[in-house]
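Work through the exercises below with the model open beside you. Try each task before reading its solution.

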Amino acid sequence: MFHAYPTDTWLEAPQQGFPSSLTADEFKALFRGHPGGVAVVTADAGEGPVALTVSSVVSVSADPPLLIFSVSALSSASKVLSRAETVVVHLLDAHDVDLAKFGATPGVDRFDQTHRWSALATGEAVYDDVRAWVRCAVINRMEVGTSTIIAVHALESRVMRDVQAGEPGDALVYHNRSWHRLGEHSRLEG
């Protein structure tokens, strides 16, 4: 059962000015060296599904099961995501790199059958044969800078390619403007 979360618990960003700040280019350079896991988010607010690739998915809590991700206001999917009540977050591995690239390509129809997808019984679009997906209810949105942080509650999931605890799997990460596969070759013993 889905439980509503109070919206007054989000802190508002301080409105104060700072004496100095990184430029957008400096900030981008900083995060180019910080890899992120890759996901594709789908949503539908009643006018048809949208999809986009994100590297900002973060697990926030296991109990209750919550996650967040951010969406740029420049994304063609941002208007739908600002109204959708549910989303599907597809957690990708290296076998899904073509879908990741497809979801990151501007101006393409992401539901043109280039990548097989279907609708769940609840209506959300889900891509077939991805490593895993999770259907979520949107519980809050917060405008921050030129992006929106979306908090969601996990409702149901499906894992097609499981990763055993302690194993490297075949993870897909985005690092320094390119796609990378994590695997046994990249494991550091610790």
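## Exercise 1: A salt bridge between two loops

Glu47 and Arg83 form a salt bridge, with their closest N and O atoms 2.5 Å apart. This comes from a predicted model.

**Task.** Find which loops hold Glu47 and Arg83, and say what the pair ties together.

**Solution.**
- Step 1. Locate the residues. Glu47 sits in the loop between β2 and β3, and Arg83 in the loop between α2 (78–81) and β6.
- Step 2. Draw the consequence. The two parts are 36 residues apart in sequence, so the pair ties together separate parts of the chain.
- Step 3. Check Glu47. Exposed means over 50% relative accessible area. Glu47 has 56% relative accessibility, so Glu47 counts as exposed.
- Step 4. Check Arg83. Partly exposed runs between 20% and 50%. Arg83 has 42% relative accessibility and therefore counts as partly exposed.

## Exercise 2: More salt bridges

**Task.** Locate the partners in the salt bridge of Arg116 with Asp129 and in that of Glu124 with Arg135. Are Glu124 and Arg135 buried or exposed?

**Solution.**
- Step 1. Recall the principle. Side chains of opposite charge can pair when their charged atoms come close.
- Step 2. Take Arg116 and Asp129. Their closest N and O atoms are 2.7 Å apart. Arg116 is in the loop between α3 (97–103) and β7 (117–119), while Asp129 is in the loop between β8 (125–127) and β9 (132–144). The pair links distant parts of the chain, 13 residues apart.
- Step 3. Judge Asp129. At 48% relative accessibility, Asp129 is partly exposed.
- Step 4. Take Glu124 and Arg135. Their side chains meet at 2.8 Å, N to O. Glu124 lies in the loop between β7 and β8, and Arg135 lies in strand β9. They are eleven residues apart.
- Step 5. Judge this pair. Both Glu124 and Arg135 are buried.
- Step 6. Look for shared partners. Asp93, Asp96 and Arg161 are joined into one network by salt bridges that share partners.
- Step 7. Give the total. The count is seven salt bridges.

## Exercise 3: The seven-stranded sheet

**Task.** What is the strand order in the open sheet of seven strands, and which are the edge strands?

**Solution.**
- Step 1. Read across the sheet. The order is β3-β2-β6-β9-β10-β5-β4, and the pairing is antiparallel.
- Step 2. Find the edges. β3 (50–54) and β4 each pair on one side only.
- Step 3. Add the twist. From one strand to the next, the twist averages 30 degrees.
- Step 4. Zoom in on one pair. Strand β2 (residues 39–43) and β3 are antiparallel and share five bridges. One position to look at is Thr42, whose bridge partner in β3 is Ala51.

## Exercise 4: Two residues in edge strands

**Task.** Decide for Thr53 and for Ser59: buried or exposed? Then list the contacts of Thr53 and of Ser59.

**Solution.**
- Step 1. Place Thr53. Thr53 belongs to strand β3.
- Step 2. Apply the cut-off. Buried means under 20%. Thr53 has 19% relative accessibility, so Thr53 counts as buried.
- Step 3. List its surroundings. Setting aside residues up to four places away in sequence, Thr53 touches Val38, Ala39, Val40, Leu99, Ala100, Gly103, Ala104 and Trp179.
- Step 4. Look at the polar atoms. A polar atom of the Thr53 side chain lies 2.7 Å from the backbone oxygen of Ala100. The backbone nitrogen of Ala104 lies 3.2 Å from a polar atom of that side chain.
- Step 5. Move to Ser59. Ser59 is in strand β4 (residues 58–62). Its relative accessibility is 65%, so Ser59 counts as exposed.
- Step 6. List its contacts. Beyond neighbours within four places in sequence, Ser59 is in contact with Leu66 and Leu67.

## Exercise 5: The three-stranded sheet

**Task.** Which strands form the edges of the open sheet of three strands? How many bridges join β11 and β12?

**Solution.**
- Step 1. Read the order. The order is β1-β11-β12, with antiparallel pairing.
- Step 2. Name the edges. They are β1 (36–37) and β12 (178–181), each pairing on one side only.
- Step 3. Count the bridges. Strand β11 (residues 172–175) and β12 pair over four bridges. In β12, Ser178 is the bridge partner of His175.

Definitions and conventions:
Residues are numbered from 1 along each chain as its sequence is written. This is a predicted model: local features need pLDDT of at least 70, side-chain atom pairs count only at pLDDT 80 or more; totals for chains, interfaces and linings use all residues. Side-chain values use heavy atoms; hydrogens and water are left out. Buried means under 20% relative accessible area, exposed over 50%, partly exposed in between (1.4 Å probe, protein chains only). Contact means heavy atoms within 4.5 Å. Two strands pair if DSSP finds at least two bridges between them. Axes are lines fitted to C-alpha atoms, for helices over the stretch in contact, and angles run from 0 to 180 degrees between N-to-C directions. A salt bridge is a side-chain nitrogen of Lys or Arg within 4 Å of a carboxyl oxygen of Asp or Glu. A polar contact is a pair of N or O atoms within 3.5 Å; within protein, one must be able to donate a hydrogen and the other to accept it, and residues adjacent in sequence count only if both atoms are side-chain atoms.
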